Amino acid sequence: MLERLNQAMEYIESHLDRTVDVAEVARIAATSEYHLRRMFSALAGLPLSEYVRRRRLTLAAAEVLAGRETLLDIAVRHGYGSGEAFARAFRAMHGIGPGEARRTGAALSSQSQMTFRLTVEGSNDMRYRVVDKPEFRVVGPKARVPLVHTGPNRAIIDFVRGIPPEDTERLAKLSDQEPRGVLAVCDDLDPSRAEGTELDYYQAVITSEPAPGGMEVLRVPAGTWAVFTASGPVPEAIQYLWRDVFTEWFPSNPYRSRPGPEILRTHLSPGGAEGEAELWLPVEREQG
């Protein structure tokens, strides 16, 4: 997987002065476009589109300082339709406009070309199982919230605290299939997984019972799920579990992620500082 991903990175590098076809990048990496974006974000720590933008602006910065071409020519070659759009993007990355950078020879930022290597530590023994599950329904209150990579997600905390206790008790009684209990369900995530992008968050159960009034219903098609378990400090253990799944489990197993909700069941210690987690992710076998 990593060898294929590095071949895809070489393709990106050779196409920075033209269109980078993400579908072709995925083909070279021998995976789906959806999984490629998810894998790249987890491994690199930034979305694929942001990496391409930063690499282009790194090359553009060298050309700006060289002073051999007009700023507009440089802008157009790197995919910007106007000098103004180029200047805004340039300033966002380098903290200075291209004209001023050329006049003053200022120090600029640089995004290095990425390659991926497998580091074997042997410290993590991931517990997982693979489940084929028929179509099911997620029922519960829903909110649109931002994605937070590390630390508490204040929007989710406030949303859950705002749900009346009697509604939570009513939901818990409806749970009638695995995973059981009141769950945290995330759906409609941006494939880039960029910090601050929005997602649908459900405080919900999986049930065959009719939905109570005022509750949202998410219908989930039949499919295969990888189920992972972890325990430790909350929320760090849960966030690290998601990271380890994409940086360690997927590169080592013949599965890739597919579109669908992510489902988390947690059981907290009496003080709430520690917990056990079960994470359900939609997957499919890699082809070939």
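## A guided tour from the cavity outwards

The largest cavity of this predicted model has a volume of about 30 Å³. By the rule applied here, the count comes to one cavity of 30 Å³ or more. To display its walls, select R38, F246, F250, S257, R258, E262, L281 and P282, which line the largest cavity. Sorted by class, this lining comprises four nonpolar, one polar and three charged residues. Two elements, α10 and β10 (274-285), each supply at least two residues of the lining.

**Whole chain.** Zoom out next to see the setting. The C-alpha atoms fill a box of roughly 70 × 45 × 35 Å along the principal axes. The chain has ten helices and ten strands, and buried residues make up 47% of its 288 residues. Among contacts with a separation of 6 or more, 72% are between residues 24 or more positions apart.

**Aromatic pairs.** A search of the whole structure finds twelve aromatic pairs. Select F159 and Y201: the ring centres are 6.0 Å apart and the planes stand at 90°, so this pair is edge-to-face. Because F159 belongs to helix α8 and Y201 to strand β5, the pair ties together parts that are 42 residues apart in sequence. Both F159 and Y201 are buried.

Move on to F246 and F250, two residues already selected as part of the cavity lining. How are their rings arranged, by centre-to-centre distance and angle between the planes? F246 and F250 form a tilted aromatic pair, with 4.9 Å centre to centre and 45° between the planes. Both residues lie in helix α10, four residues apart, about one turn of the helix. In general, an α-helix has 3.6 residues a turn, so residues three or four places apart point the same way. F246 counts as buried because its relative accessibility is 1%, below the 20% cut-off. F250, at 3% relative accessibility, counts as buried as well.

Extend the selection to Y128, F228, W242, W249 and Y255, which form one aromatic cluster together with F246 and F250.

**The largest pocket.** Now display the largest pocket, whose volume is about 1300 Å³. Its lining consists of 42 residues, and those nearest the centre are I156, P235, I238, Q239 and L264. Which elements give two or more residues to this lining? They are α3 (33-44), α8 (154-161), β4 (183-187), β5, α10 (236-252) and β9 (262-268). Colouring the lining by class gives 26 nonpolar, eleven polar and five charged residues. Two of these elements, α8 and β5, have appeared before, as the hosts of F159 and Y201.

**Helix α9.** For the last stop, select residues 165-174, which make up helix α9, and highlight its buried residues D167, L171 and L174. Viewed down the axis of α9, the buried residues fall within an arc of 55°, so they line one face of the helix. Rotate to the other side of α9, where P165, E166, E169 and K173 are exposed. Finally, add β2 (136-140) and β5 (198-206) to the display, since both are included in what covers the buried residues of α9.

How values were computed
Residues are numbered from 1 along each chain as its sequence is written. This is a predicted model: local features need pLDDT of at least 70, side-chain atom pairs count only at pLDDT 80 or more; totals for chains, interfaces and linings use all residues. Side-chain values use heavy atoms; hydrogens and water are left out. Buried means under 20% relative accessible area, exposed over 50%, partly exposed in between (1.4 Å probe, protein chains only). The arc is that of the directions from the helix axis to the C-beta atoms. Contact means heavy atoms within 4.5 Å. On a 1 Å grid over the protein atoms alone, a cavity is a set of points where a 1.4 Å probe fits but cannot get out, and a pocket is an open set with protein on both sides within 12 Å along at least five of seven lines; lining residues have an atom within 4 Å of a point. Grid points are joined across faces, edges and corners, and a volume is the space filled by probe spheres set on the points. Ala, Val, Leu, Ile, Met, Phe, Trp, Tyr, Cys and Pro count as nonpolar, Asp, Glu, Lys and Arg as charged, and the others, Gly among them, as polar. Rings of Phe, Tyr and Trp (its six-membered ring) pair if their centres lie within 6.5 Å; planes under 30 degrees apart count as stacked, over 60 as edge-to-face and the rest as tilted.
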